[in-house]
Number of protein chains: 2
Amino acid sequence: MSDTAMDGPCVFLVDDDAVIRASLSRALSLRGYQVVAFASATDFLDAYDGTTAGCLILDYGMPGMDGLQLQKHLKENGHKVPIIFITGHGGIPESVQAMKMGAVDFLEKPFKQSILIERIDAALETERKRRKSNLQTKETIERYQALTEREQEIASILSTHTGQNSSKEIARLLGISPRTVDHHRARVLEKMGVGSVAELVEASIKAGLFTET
Amino acid sequence: MSDTAMDGPCVFLVDDDAVIRASLSRALSLRGYQVVAFASATDFLDAYDGTTAGCLILDYGMPGMDGLQLQKHLKENGHKVPIIFITGHGGIPESVQAMKMGAVDFLEKPFKQSILIERIDAALETERKRRKSNLQTKETIERYQALTEREQEIASILSTHTGQNSSKEIARLLGISPRTVDHHRARVLEKMGVGSVAELVEASIKAGLFTET
DNA sequence: AACGCTTTAGGCAGATCTACCTAGGCAATA
DNA sequence: TATTGCCTAGGTAGATCTGCCTAAAGCGTT
């Protein structure tokens, strides 16, 4: 069991400056963090698949794909890894935009290592929580997508029209027999792995189903 | 009906610089915004009660209570008015902290008025949405607090133990008769203004009841 | 053609919910 | 003391849910 790479959360480091990569890697490794460094955004994207928990220390200004573009790319692909930006010559507008896009922090070089450590720990903590709730969300969505069309329709009505969700009402809404609604609802609850309509509503809301916005 | 002060959302402006106050007030008023300017954070606090919808344009560096302190104070008192910081000599750390604390924007002086207008419109839009959902949240919490102790207990169980919330289960949990649970549940649904347990669960989650964190 | 899945729908029995009623005990209040 | 509100609990009747069974029609796959 000497495979330390699998142990805990990982700190991804993306910076085109080899000196920064080397010094930060060394410093963070010494403090017990699992560090994986990349010289460019594309190198990182090639290696990152979202399965490894961790945070991303990201240089804002890089040749090729810059930090903001990488952040945007990750966001668009559903990766919510917390990002700590580090920058050599960015300004307030850049930091504000990064924060608006969901960055958890933005540090100017040079910075104290103690500060970085602090921010990394905070980022890893948020990541831990996010992963936890995300597991349930993912499960809920997958289960929902495994429903048949009609079942999805029933699930949707049960979850959104919470005020009047008797078989009668739903049957009238869909123009079918209450018995059929009973049947579908039973399938829905079974397939969604819940024991009541209330639990279905809870799971749906927490997973953001039917929420759009 | 010439009372324009009551019409739409309001732009609160807090800056110790009289020149800025005057020029921004004029510019924004000309563009149709309702502007109320204050020379200090405390002046604003004396006047602001949270009932007026609007956004806050806030100078970061001010003598006395500064912008960040005002932001913190508002946050602690449950006021979620969106804040756009403006600053003369702040840096990235200041902007990042402000954003982390929930500011919607952070602009360096000098800035183009068109940019400010843009950000104000965005802030007012978020405020509009927040107010809307906040109304329901408030209503839910008030209704919950108007329940008796036992009713709150029942409501809590119904909302959190969604998997097994039959009268039997709850009765066993509380050591009382299922009939009594029936009675309380009926009271709860009536007083909470909902038509089903599912709707209660929905309202509770959306209002953040029983969520702690 | 045979099979499986989906949607539809009904029967039936038992559990549960809901809405109406009564009613006693208890504590705070008028 | 009388009243009010809360918690408790039961009766009854009707509505609804739930789980178990059957079954037909349509559609796509093997």
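**Two chains, two DNA strands: a walk through the model**

A:Phe210 is partly exposed, because 13 other C-beta atoms lie within 10 Å of it. Keep that residue in mind. This is a predicted model, so I will start with a small detail and then work outward.

Where is A:Phe210? It sits in the segment after H9 of chain A. Its backbone stands out: A:Phe210 has a positive phi of about 60 degrees, although it is not a glycine. Now look at chain B. B:Phe210 is found in the segment after helix H9 (197-207) of chain B. B:Phe210 has a positive phi of about 60 degrees as well, and it is not a glycine either. B:Phe210 counts as partly exposed, because it has 13 C-beta neighbours inside 10 Å.

Next, the two chains as a pair. How does chain A lie on chain B? A turn of 180 degrees and a shift of 0.1 Å along the axis do it, with an RMSD of 0.2 Å. The two copies are therefore related as by a two-fold rotation axis. Which C-alpha of chain A is nearest the axis? That of A:Ala198, 2.2 Å from it.

Now the contact between them. It takes 20 residues from chain A and 20 residues from chain B. On the side of chain A that touches chain B, three elements give two or more residues: helix H4 (92-100), strand S5 (105-108) and helix H9 (197-207). H9(A) gives the largest share, 6 residues. By class, this side of chain A divides into 9 nonpolar, 7 polar and 4 charged residues. Why do we say that the copies meet through the same surface? Because 100% of the interface residues of chain A are also interface residues in chain B.

Let us zoom in on H4(A). Which of its residues are buried? A:Glu94, A:Ser95, A:Val96, A:Ala98 and A:Met99. Inside chain A, the buried residues of H4(A) pack against helix H3 (67-76), strand S4 (83-87) and S5. Across in chain B, they pack against helix H4 (92-100) and strand S5 (105-108). Just after H4(A) comes A:Gly102, with a positive phi of about 110 degrees.

On to the nonpolar cores. The largest has 68 residues. Which members touch the most others? A:Ile84, A:Phe85, B:Ile84 and B:Phe85. Take A:Phe85. Leave aside its neighbours within four places in sequence. A:Phe85 is then in contact with A:Leu58, A:Tyr60, A:Gly67, A:Ala98, A:Ala103, A:Asp105, A:Phe106 and A:Leu107. Apart from the largest core lies another, of 36 residues. Among its members are A:Val194, A:Val197, A:Ala203 and B:Ala155.

A quick stop at a backbone feature. The peptide bond from A:Lys109 to A:Pro110 is cis, with omega near -5 degrees. Where is A:Pro110? In the loop between S5 and helix H5 (113-145) of chain A. In chain B, the bond from B:Lys109 to B:Pro110 is cis, with omega near -5 degrees. B:Pro110 lies in the loop between S5 and helix H5 (113-145) of chain B.

Now the DNA. Start with strand C. There are 16 residues around DNA strand C. A:Thr148, A:Arg150, A:Ile176, A:Ser177 and B:Ser167 come nearest. Which elements each supply at least two residues of this surface? Helix H6 (149-160) and H8 of chain A, together with helix H7 (167-174) and H8 of chain B. The residues near strand C divide into 2 nonpolar, 7 polar and 7 charged.

Then strand D. There are 16 residues around DNA strand D, and A:Ser167, B:Thr148, B:Arg150, B:Ile176 and B:Ser177 come nearest. Helix H7 (167-174) and helix H8 (178-192) of chain A give two or more residues each to this surface, as do helix H6 (149-160) and helix H8 (178-192) of chain B. By class, the surface near strand D has 2 nonpolar, 7 polar and 7 charged residues.

Last, confidence. The mean pLDDT of chain A is 92, and 96% of its residues reach 70 or more. Where does pLDDT stay under 50? Over residues 1-6 of chain A. For that stretch the model has 2 contacts beyond four places in sequence.

Notes
Residues numbered from 1 in each chain as written. Chains lettered and ligands numbered in written order. Predicted model: local features only at pLDDT ≥ 70, side-chain atom pairs only at ≥ 80, totals over all residues. Near = placed C-beta within 6 Å. Helix = DSSP H or I, 4+ residues; strand = E, 2+ residues; numbered from the N terminus. Nonpolar A, V, L, I, M, F, W, Y, C, P; charged D, E, K, R; others polar. Least-squares fit on C-alpha atoms with pLDDT ≥ 70 in both. Contact = placed C-beta atoms within 7 Å. Buried ≥ 20, exposed ≤ 12 C-beta atoms within 10 Å, placed from the backbone. Core = buried A, V, L, I, M, F, W, Y, C linked by C-beta atoms within 7 Å. pLDDT = per-residue confidence, 0-100.
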